[in-house]
Amino acid sequence: MASRPAPRDTSGRVRRDVRFLPLLAGPAGSARTRRILSVGCLAVMDVTALFLALYAAFALKLFVQDAPVSSGAIWAVEQRALPIAAATLVLVFAKNRLYSPREQRPGSVGVLSSVTVATLVVLVLVQIGGWQTDTYYIFYSSWIFTTLMVIALRTSYDSVTALALERLDVQRRAVLIGPPAMVDPVARTLERSTGRGIPYRIVDQHELASGETDAAVAMRTALDPAGVDEVILVGSLSDDAAALDLIELCRRRAIPVRFAPTSVELLSHSLQALPTRGIPLFTLHPPVLTGVAFLGKRLFDIVVATLLLVLISPILVVAALAVKLADRGPVLHGSRRVGVEETEFTCLKLRTMRTDAEELQPDLEHKNEADGALFKIRDDPRVTGVGRVLRRFSIDELPQLINVIRGEMSLVGPRPLPLRDYQMLDERQKKRYLVLPGMTGLWQVSGRADLSFEELIRLDFHYVESWSIWLDLVIIARTIPVVFSRKGAF
């Protein structure tokens, strides 16, 4: 049987493939437009920074040599090097995700490493091309100037655009789809989160539904591209038909679909594709530290904790004397905590409460201001005057460096919970004990006591899943300003 010709419209053209949508249509198109403008502005700024850096490097060389600083002479030399240097810089920046969306772009350290790589690549290309150079001054001087100018221009760009977005009240209007018990904490987290990206505003919440039920009709009605920028699915997609209907509806309306995993799914291990016949399969890799990764983290902890302990020993001595002189009680307090693999250990702290604080806690349970398994009182009557000062700057937690050296804790990781809090966790939440607990972590640098307990668990699971030495360094660096700002501290 002969196949029928493809259906044509009245103009004679083959009808549009159902997978095709105009590139700039709908909310997704608006986001693409912003991304195109953002990438274009960043690329122009990077090339401008490179131009100014090369100019400054050549001008400095002429100045040091007591030669006249001539713009014409500098440009004659610079125009030869600028094209290859600019192309290399932009390509390296693109490879290192420096043109990613605002919230995903690396900061100054990413710029430094990328400029370093670009400089080395240009050096190799110059050597291969046989360019005559009597000195390597231009390479290391332009490396310094380019790094400084790119960071300066990008910082200015981020500040100006962030201010413009705030003044224009630009927001991501999102509809959350999922069970209310899962959607509510995600909504609170998104609306309260602060960062470099465009803030979220939750405009509606619905349960996943299909067919012609009232719930399905209400959900479809809420997905109006004029008032919704993206849809966020929360939790497991148990209803395949409803999920496919929703995704197809969003595709036709050009609304991006995101997926917010549950805390269990955050811990469900990384996936690696496995080529097989038929259905695609994936290998699950547990997010636990083994072998070289664990040894690297342990070595990092021992070296850094030892150095810190030596450097802060004068602070510890003064703090210990203050605690002792305040009420003649013990200086250290050993709090029984739960660590890796749910084993107990004694977490060391400078004593900040009365000696009978643990006996008084049951009488204060009704004043607990934290949710979930946590126990926090903003003005805890058990805290001493000296203790309040120590807690304000987290000095009371410095003895935990000894726990780190012992191997009971790590510098960075999920916070170890007291036995009282641990006994209130469910089996899902206890998965945070797959790794060593830490003195600081994502919770401390993301809001501390301002976060809900469910948000704490999510951050812990995210850390377990995405651990790296670099992530530890970033968290440690972010901890210092958080401590001095006293953000979210009880």
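**Exercise 1. Two aromatic residues and their surroundings**

Determine whether F93 and Y99 are buried or exposed in this predicted model, and find how many aromatic pairs there are.

*Solution.*
Step 1. Both F93 and Y99 are buried. The cut-off for this label is a relative accessible area under 20%.

Step 2. An aromatic pair is described by the distance of the ring centres and the angle of the planes. Ring centres have to lie within 6.5 Å to count as a pair. By this rule, the count is two aromatic pairs.

Step 3. One pair consists of F51 and Y55: the centres are 6.4 Å apart and the planes stand at 40 degrees, so the pair is tilted. F51 and Y55 are four residues apart in helix α1 (residues 26–64), which places about one helical turn between them. F51 is partly exposed at a relative accessible area of 30%, and Y55 is partly exposed at 27%.

Step 4. F93 and Y99 also form a tilted pair, with 6.3 Å from centre to centre and 50 degrees between the planes.

**Exercise 2. The order of a sheet**

State the order of the strands in the open sheet of four strands, and explain why one side of β2 and of β4 is left without a neighbour in the sheet.

*Solution.*
Step 1. The strands of a sheet pair through backbone hydrogen bonds, either parallel or antiparallel. Here the order is β2-β1-β3-β4, and the pairing is parallel.

Step 2. β2 (200–206) and β4 (257–260) stand at the edges; each has a single partner strand, and therefore one side of each lacks a neighbour in the sheet. From one strand to the next, the twist averages 30 degrees.

Step 3. Within this sheet, β1 (residues 172–177) and β3 (residues 230–234) are joined in the parallel sense by four bridges. L176 stands opposite I232 in β3.

Step 4. Helices also lie across these strands. Helix α5 (residues 180–192) lies across β1, β2, β3 and β4 and runs at about 165 degrees to β2. Helix α6 (residues 214–222) lies across β1 and β2, at about 155 degrees to β2.

**Exercise 3. Salt bridges between separate parts of the chain**

Find how many salt bridges the structure holds, and establish which parts the pair D229 and R173 ties together.

*Solution.*
Step 1. Side chains of opposite charge can pair when their charged atoms come close. The structure holds 14 salt bridges.

Step 2. In one of them, the side chains of D229 and R173 meet at 3.0 Å, N to O. D229 belongs to the loop between α6 and β3 and R173 to strand β1, so the pair ties together parts that are 56 residues apart in sequence. D229 is buried, with a relative accessible area of 19%, whereas R173 is partly exposed at 24%.

Step 3. A further salt bridge joins R351 and D327 at 2.5 Å, N to O. R351 is found in the loop between β8 (344–350) and α11 (357–360) and D327 in helix α10 (residues 313–327), so this pair ties together parts 24 residues apart in sequence. R351 is buried, with a relative accessible area of 7%, while D327 is partly exposed at 35%.

Step 4. E344 and R336 also form a salt bridge, at 3.3 Å, N to O. E344 is partly exposed at 46% relative accessible area, and R336 is partly exposed at 38%. In addition, salt bridges with shared partners join R172, E230 and R258 into one network.

**Exercise 4. A hairpin**

Describe how strands β7 and β8 run relative to each other, and identify which residue of their hairpin takes a positive phi.

*Solution.*
Step 1. β7 (residues 332–338) and β8 run antiparallel and are joined by seven bridges. S335 has C347 in β8 as its bridge partner.

Step 2. The hairpin has five residues between its strands, and E341 takes a positive phi near 60 degrees.

**Exercise 5. Confidence in the model**

State where confidence is lowest and where it is highest in the protein.

*Solution.*
Step 1. The average pLDDT of the protein is 78, and 80% of the residues score at least 70.

Step 2. Confidence is lowest in strand β6 (residues 281–285), with a mean of 48, and highest in helix α13 (residues 400–406), at 93.

Step 3. Residues 1–20 have a pLDDT below 50; beyond near neighbours in sequence, this stretch has ten contacts in the model.

Terms used. Residues are numbered from 1 along each chain as its sequence is written. Side-chain values use heavy atoms; hydrogens and water are left out. Rings of Phe, Tyr and Trp (its six-membered ring) pair if their centres lie within 6.5 Å; planes under 30 degrees apart count as stacked, over 60 as edge-to-face and the rest as tilted. Helices (H or I, at least four residues) and strands (E, at least two) are DSSP runs, numbered from the N terminus. Buried means under 20% relative accessible area, exposed over 50%, partly exposed in between (1.4 Å probe, protein chains only). Two strands pair if DSSP finds at least two bridges between them. Axes are lines fitted to C-alpha atoms, for helices over the stretch in contact, and angles run from 0 to 180 degrees between N-to-C directions. Contact means heavy atoms within 4.5 Å. pLDDT is the predictor's confidence in each residue, from 0 to 100. A salt bridge is a side-chain nitrogen of Lys or Arg within 4 Å of a carboxyl oxygen of Asp or Glu.
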